[in-house]
Amino acid sequence: MINGKKVLFSGMQATGNLTLGNYLGAMKNWVTLSDEYECFYSVVDMHSITVRQDPSTLRQRARKLLMIYIAAGLDPEKNCLYYQSHVSGHAELAWILNCFTYMGELNRMTQFKDKAAKHADNINAGLFTYPVLMAADILLYQADVVPVGVDQMQHLELTRDIAQRFNGIYGDVFTVPEAYVGKVGAKIMSLQDPSRKMSKSDENPNASIYLMDDPDTIMRKCKRAVTDSEGQILYREEQPGIRNLIDIYSACSGKTPEETVKEFDGKGYGEFKMAVGEAVNSVLKPLQERYAQLEKDKAYIDRIIKENAEKADYVATKTLRKVQRKVGFPDRIR
Ligand code: TRP
């Protein structure tokens, strides 16, 4: 508990261009959680270097992501928005937790297997222990809840196991985090292949709507979205393309899929796609405007970065010192 509130932690990588899927599936809901929880949203740049990055691109993208957090509506005075690499406790706790995690556990991580296959020329130890760093992220802040997508659920389970193992040996040190199961965000699929998630790293630029796409590009991508020959706007598995567009429209306009289906009853795909594009634009335009504003105010962003890093560091250090004592490191002499 911090300030009488439960703690929420989540993180996002600054690799690739953020998509509408990232926004509707995660960030949009984060905004609604900041009243109820004490929220930490990290730009997890330390996770990013598990695959090779161009340094200046990574730095730029990390800053962009932080500004997008704010542009998406996360108030940086209420939410702790910070770079993982600015708080050294992440690395320090990760080392300790590495010593409480089994090779066998990490070997079972499906994301490791996927990424190792994808980056066969660089299967480094960091890629292998990635989930331990993620556990450190979460446990440092004694997070009660972690909003994660299904792809990260296995990592969260591991985090819980590590926390329980550690607590079993040393007493109650860590809060054992739960997956956040509230109103979950919409899962947005690729516009070109609705069987796959809309991805930051899709090779086909028409597959994803990027948060910074201009209105014409968004309209064009929506018009080109892969659908089917059924000719009916129905929310069902047999029409994954249309179903995805219904999800996008509904999430952008605050309607339920059923309401959307009713609204477009008897209408053609062309008209519906236009409406989807317009709905997306109505959500992204204000975000882009706020972003442009923030981009001009370097001093403000710098202040946010500094203050939030200090705030995160304060909380993280408290946990870290406790852990260091528990495992038997000598007290610090001040
Ligand atoms: N691994 C997460 C992802 O790629 C990002 C992440 C890092 C994270 N640390 C976290 C998410 C802690 C939630 C909590 O999506």
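How many cavities of 30 Å³ or more does the structure hold? In this predicted model, there is one cavity of 30 Å³ or more.

**The cavity**

The largest cavity has a volume of about 40 Å³. Its lining is formed by Gln 111, Phe 112, Lys 115, Leu 127, Tyr 130, Pro 131 and His 155. Two elements, α6 (110–118) and α7 (125–140), each give two or more residues to this lining. By residue class, the lining of the largest cavity comprises four nonpolar residues, two polar residues and one charged residue.

**The surroundings of Asp 202**

A second site of interest is Asp 202, which is located in the loop between β5 (178–179) and α9 (215–223). The relative accessible area of Asp 202 is 15%; because this value is under 20%, the residue is classed as buried. When residues up to four places away in sequence are left aside, Asp 202 touches Ser 190, Arg 196, Ala 207, Ser 208 and Tyr 210. With one of these residues, Arg 196, Asp 202 also forms a polar contact between side chains. In addition, the side chain of Asp 202 reaches a backbone atom, the nitrogen of Asn 204. The distances of these two pairs are set out below.

| Group of Asp 202 | Partner | Distance |
|---|---|---|
| Side chain of Asp 202 | Side chain of Arg 196 | 3.0 Å |
| Side chain of Asp 202 | Backbone nitrogen of Asn 204 | 3.0 Å |

Sequence separation and spatial separation can also be given for Asp 202 and Pro 177: the two residues are 25 residues apart in sequence, and their C-alpha atoms are 32 Å apart in space.

Note on methods
Residues numbered from 1 in each chain as written. Predicted model: local features only at pLDDT ≥ 70, side-chain atom pairs only at ≥ 80, totals over all residues. Heavy atoms only, no water. 1 Å grid on protein atoms, 1.4 Å probe; cavity = no way out; pocket = protein on both sides within 12 Å on 5 of 7 lines; lining within 4 Å. Points joined across faces, edges and corners; volume = space filled by probe spheres on them. Helix = DSSP H or I, 4+ residues; strand = E, 2+ residues; numbered from the N terminus. Nonpolar A, V, L, I, M, F, W, Y, C, P; charged D, E, K, R; others polar. Buried < 20%, exposed > 50% of the residue type's maximum accessible area, 1.4 Å probe, protein only. Contact = heavy atoms within 4.5 Å. Polar contact = N/O pair within 3.5 Å; in protein donor to acceptor, adjacent residues only side chain to side chain.
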